[in-house]
Amino acid sequence: MKHYDYVEWVLYKNNLLDDGIREEMEEHLYLCDECMQIFLSLIDEEEIQIAASIVPEDFTDKVMDNVKVIRPMKKPVKKKIKLTNDFFMYYVAVASVAIILTANGFFGRMVEAVPQIASNITMEDSRLKANTIYNMSEKITNRTSSFINDFKFNRK
């Protein structure tokens with residue numbers, strides 16, 4: 001943001017600038033507190049007296065009366081979310097699913113299936129170990145035979 005210096009504000013106050021520049025500076029005053037302080041420092045007591053003579057004496061009272069008439073905006077009321085209903089429905093849904101699964105014997109089958117799964121996993125592990133040993137011996141055999149096949153006799 002470009003700031004204006006003291007001299008530019010003096011030129012602005014004395015109306016010695018082009019209209020385009022004056023409008024830019026006026027818009028800048030709305031945004032910049034620093035430049036507003038410089039501009040306000042240029043206003044002297046005589047100018048305040050002149051402005052006071054222009055403004056009617058009942059100006060403040062009229063403004064205050066108009067402010068009293070203005071009703072504040074109502075804040076939008078947020079609907080309260082009933083968490084108890086949501087939790088209750090959640091528990092009802094979970095209980096319904098549990099009752100259906102129990103009635104179909106799902107949990108009984110799970111109890112029977114878990115030991116079988118555990119024994120299958122144990123058997124799979126032992127088979128993998130046996131395969132590992134078999135694969136290692138197979139590799140040793142293959143490498144030995146390839147070494148023998150590739151071996152060249154040096155005949156002199």
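Which side chain meets lysine 2 in a salt bridge? That of glutamate 8, with 4.0 Å from N to O. Before I go on: what you see above is a predicted model.

Let me stay with salt bridges for a minute. Searching the whole structure gives 3 of them. For the pair I just named, lysine 2 is exposed, at 53% relative accessibility. Glutamate 8, its partner, is partly exposed, at 25%.

Another of the bridges joins glutamate 47 to lysine 13, and here the closest N and O atoms are 2.9 Å apart. This pair connects distant parts of the chain, since glutamate 47 sits in helix α4 and lysine 13 in helix α1, which runs over residues 6–13. Along the chain the two are 34 residues apart. Glutamate 47 has a relative accessibility of 29%, so it counts as partly exposed. Lysine 13 is at 30%, so it is partly exposed too.

Then there is the bridge between lysine 62 and aspartate 58, at 3.5 Å from N to O. Aspartate 58 is partly exposed, with a relative accessibility of 32%.

Now a charged residue without such a partner. Arginine 22 belongs to helix α2, residues 19–31. Is arginine 22 buried or exposed? It is buried, and yet it has no salt bridge. The nearest side chain of opposite charge is that of glutamate 26, and it is 5.0 Å away. A salt bridge needs the nitrogen within 4 Å of the carboxyl oxygen, so a pair at that distance does not count. What does arginine 22 touch, if we skip neighbours within four places in sequence? The contacts are Tyr12, Asn15 and Leu17.

Next, the cysteines. How many disulfides are there? The count is 0. Cysteine 32 is in none, and the nearest cysteine sulfur to its own belongs to cysteine 35, 3.6 Å away. Why is there no bond between them? Because 3.6 Å between the two sulfurs is too far for one. The cut-off for a disulfide is 2.5 Å. Both residues are covered: cysteine 32 is buried at 4% relative accessibility, and cysteine 35 is buried at 0%.

On to the surface. Seven names to find in the model: Ile50, Ile54, Val55, Phe59, Val63, Met64 and Val67 make up a nonpolar patch there. Together they have about 630 Å² of accessible area. Which helices supply at least two residues each? They are α4, residues 45–54, and α5, residues 59–69. The largest share, 4 residues, comes from α5. As one example from the patch, take isoleucine 50, which lies in helix α4. Isoleucine 50 has a relative accessible area of 45%, so it is partly exposed. Helix α4 has come up before: glutamate 47, the salt-bridge partner of lysine 13, is in it as well.

Last item, methionine 110. Where is methionine 110 found? In helix α7, which covers residues 106–150. Methionine 110 is partly exposed, at 41% relative accessibility. Compare its position with that of isoleucine 38: the two are 72 residues apart along the chain, and their C-alpha atoms are separated by 83 Å.

That is the list. If you want one thing to look up in the model, try arginine 22, which is buried and has no salt bridge.

Technical notes
Residues numbered from 1 in each chain as written. Predicted model: local features only at pLDDT ≥ 70, side-chain atom pairs only at ≥ 80, totals over all residues. Heavy atoms only, no water. Patch = residues over 30% accessible without salt bridge, like charges linked within 9 Å, V, L, I, M, F, W, Y side chains within 5 Å. Areas by Shrake-Rupley, 256 points an atom, 1.4 Å probe, with all protein chains shown as cover. Buried < 20%, exposed > 50% of the residue type's maximum accessible area, 1.4 Å probe, protein only. Lys, Arg positive; Asp, Glu negative; His and termini not counted. Contact = heavy atoms within 4.5 Å.
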